[in-house]
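Trainee: Before I use these structural terms in my own notes, I should like to understand what justifies each of them. May we go through them in turn?

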Amino acid sequence: TDYGSSLTVSLPAALQPHQPFQIIVRYTTADGPAIWWLDPELTYGNAKPFVFTQGHSVCNRSFFPCFDTPAVKCTYSATVKAPAGIQVLMSATQSSYLEEEGVYQFYMEYPVPAYLVALVAGDLIHADIGPRSRVWAEPCLLPTAISKLSGIVERWLTAAESLYGPYIWGRYDIVFLPPSFPIVAMENPCLTFIISSILESDEFLIIDVIHEVAHSWFGNAVTNATWEEMWLSEGLATYAQRRITTETYGAAFTCLETAFRLDALHRQMKLLGEDNPVSKLQVKLEPGVNPSNLMNLFTYEKGYCFVYYLSQLCGDPRHFDSFLRAYIEKYKFTSVVAQDLLDSFLNFFPELKEQCVESKAGLEFERWLNATGPPLAEPDLSQGSSLTRPVETLFKLWTTEPLDSVAAASSVDLTKWRTFQTVLFLDRLLDGSPLPHEVIKKLSECYSSQLDSMNAEIRIRWLQIVVRNDYYPDLYKVRRFLENQMSRMYTIPLYEDLCTGTLKSFALEIFYQTQNQLHPNLRKTIQQILSQGLNPLPAIDTTAVTTDTPAMMLEDKVSEATNGAISLRDVNVSA
């Protein structure tokens, strides 16, 4: 199971209280939820095998014996032996390599929770992209990674430091992983893991990296002590991410990205229901439930809205920045609960404590934490109207009957829009699908060729519109897309949509043509999707299949809904 079994060590009776002692556990591990082994053909270069670990949230107990809870932090050291030509990296502040022995040594000098211990090994090379940052990738991907990130990561780190104090981890390196990586990004200290597939989507890459930068303060330095309060890491990191993007890219861009995410939050809430307990910030973790199943857009966006509300109580966000700097300084290298944050907030702003803001009718802190449903208040996004208004206008042109505004709509050049504008527009069309046949036909005539040349985040949304509307003239593009995708986030949503409608046989055909290029875990997941409502599919080779990883998140809940694709499309923010 995901939880594994406990290891009990009996200590000598003569051991005195608080007396230091050492325990040595000899163990082996091969397959497990944390460890992903890839054959060469599952990498971009097809040259060498690859392995990475993904510990969030309770997977690292299959990697090494540990206290696998965010409440416990410790330093660690590791010795790793690897064949010549295989580069090994870990989430550590210090490393060395003895070439003649093929041995790497790693040491993390600061205490971290078990889930932040991470390892990756494969055909990786690097390039410096700043004074304290380098990017690691397979040789064929490195030039792209350099061109996307050279110089700007330092800009983001400097902006974050100006807001929240010194970056304490030394280096901030990034490693791009093959498309089998089960989530978008993971904030492993000193070494952020990111899926290579996101490299083609510039704005998503920016947001994902900045979110992981923000975790260096919120999540890594100060961690939620219990998985029932993941918002303490994710909500604060999302708030910090948006403060950083406001400082570096302006308020309009930040408001556009926020509008896109809040749209997704309301979409998920419509799926799950406003009274669903997973919409609480302090969600109850029942025995036997994998904590990652509780990770959803409420963790990020409802958490963000609460943090934003706290910042607004201060009047000036810079005052709230000062509080967060003090909060980090007080609690760094420890784990906290919500009461620690809220008590610190009220103590930092005694005038707010005197006003009893924690008990303001309808906005009580307790209600924020324990009420189901949407956020009690949402941010003012009017500063993004220059970017969101064109989206709203175009959407109305296409969805207002009678459809007599095609000429005006078709004159809009989506190639001049920002990615987040285009995905916001397409997501709203998805929400309204199925559309009248005349509308989908005209949409294809106006935009299909434009969208063909855009990034995968945009193309997958258009293809979902094609599938949900059974628009057969563009189905060949769905096939072509799936034939060239190996990542969970760009395959599962389409397969879920194909199997919800009348196109399951089409999905089966594509799957059997492409299954050998997919990781066994992903093959297994798609097979489960295809099997719903059918006789069992023929068995496929699932050698090394491990328990499905946290990327599935709300799969069980969402698979019951009509449009299950939303589960992955909207939750793959990052870890």
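Mentor: The crossing of H4 and H7 is left-handed. Please keep in mind throughout that this is a predicted model.

Trainee: What makes H4 oblique to H7?

Mentor: Helix H4, residues 231–249, and helix H7, residues 317–331, pack at an angle of about 130°, and their axes lie 13 Å apart. Angles over 145 degrees count as roughly antiparallel and 65 to 115 as roughly perpendicular, the rest beyond 35 being oblique. An angle of about 130° falls in neither of those two ranges, and therefore H4 is oblique to H7.

Trainee: How do you know that H4 and H7 are in contact, and which residues meet?

Mentor: The cut-off for contact is heavy atoms within 4.5 Å. On the H4 side, Leu236, Tyr239 and Arg243 take part, and they meet Pro317, Arg318, Phe320, Asp321, Leu324 and Tyr327 in H7. By class, this contact has 6 nonpolar, no polar and 3 charged residues.

Trainee: Why is H3 also called oblique to H4?

Mentor: H3 and H4 pack at an angle of about 120°, with their axes 8 Å apart. The roughly perpendicular range is 65 to 115 degrees, and roughly antiparallel requires over 145. An angle of about 120° lies in neither range, so H3 is oblique to H4. The crossing of H3 and H4 is right-handed.

Trainee: Which residues make up the contact between H3 and H4, and how do they divide by class?

Mentor: From H3 come Ile206, Ile207, Ile210, His211, Ala214 and His215. They meet residues of H4, including Ser233, Glu234, Ala237, Ile244 and Tyr249. The residues of this contact divide into 8 nonpolar, 6 polar and 1 charged.

Trainee: H3 brings me to the annotated positions. Which residues does the "active site" annotation cover?

Mentor: The unreviewed UniProt entry places that annotation on Glu212 and Tyr300. Glu212 is found in helix H3, residues 202–215.

Trainee: What makes you say that Glu212 and Tyr300 gather at one spot?

Mentor: They span 89 residues in sequence, yet no two of their C-alpha atoms are more than 13.0 Å apart, so they gather at one spot.

Trainee: Let us turn to the strands. How do you know that S3 and S6 are paired?

Mentor: Pairing needs at least two bridges. S3 and strand S6, residues 103–113, have 8 bridges, in the antiparallel sense, so the criterion is met. Thr79, for instance, stands opposite Gln105 in S6.

Trainee: What joins S5 to S6?

Mentor: 5 bridges join S5 to S6, and the two run antiparallel. Gln94 stands opposite Tyr107 in S6. S5 and S6 form a hairpin with 4 residues between them, and Gly102 in the turn has a positive phi of about 65°.

Trainee: Why are S3 and S5 described as edge strands?

Mentor: The open sheet has 3 strands in the order S3-S6-S5, with antiparallel pairing. Strand S3 (73–81) and strand S5 (94–98) each have a single partner strand, so one side of each is left without a neighbour in the sheet. The twist averages 10° from one strand to the next.

Trainee: What justifies calling S8 and S9 paired?

Mentor: Strand S8, residues 125–130, is joined to strand S9, residues 133–137, by 5 bridges, and they run antiparallel. Since at least two bridges are required, the pairing holds. The bridge partner of Asp128 in S9 is Arg134. S8 and S9 form a hairpin with 2 residues between them.

Technical notes. Residues numbered from 1 in each chain as written. Predicted model: local features only at pLDDT ≥ 70, side-chain atom pairs only at ≥ 80, totals over all residues. Heavy atoms only, no water. Axes fitted to C-alpha atoms, helices over the stretch in contact; angles between N-to-C directions. Left-handed = near helix turned anticlockwise from the far one by under 90°. Nonpolar A, V, L, I, M, F, W, Y, C, P; charged D, E, K, R; others polar. UniProt positions renumbered as here; feature names shortened; annotations may be inferred.
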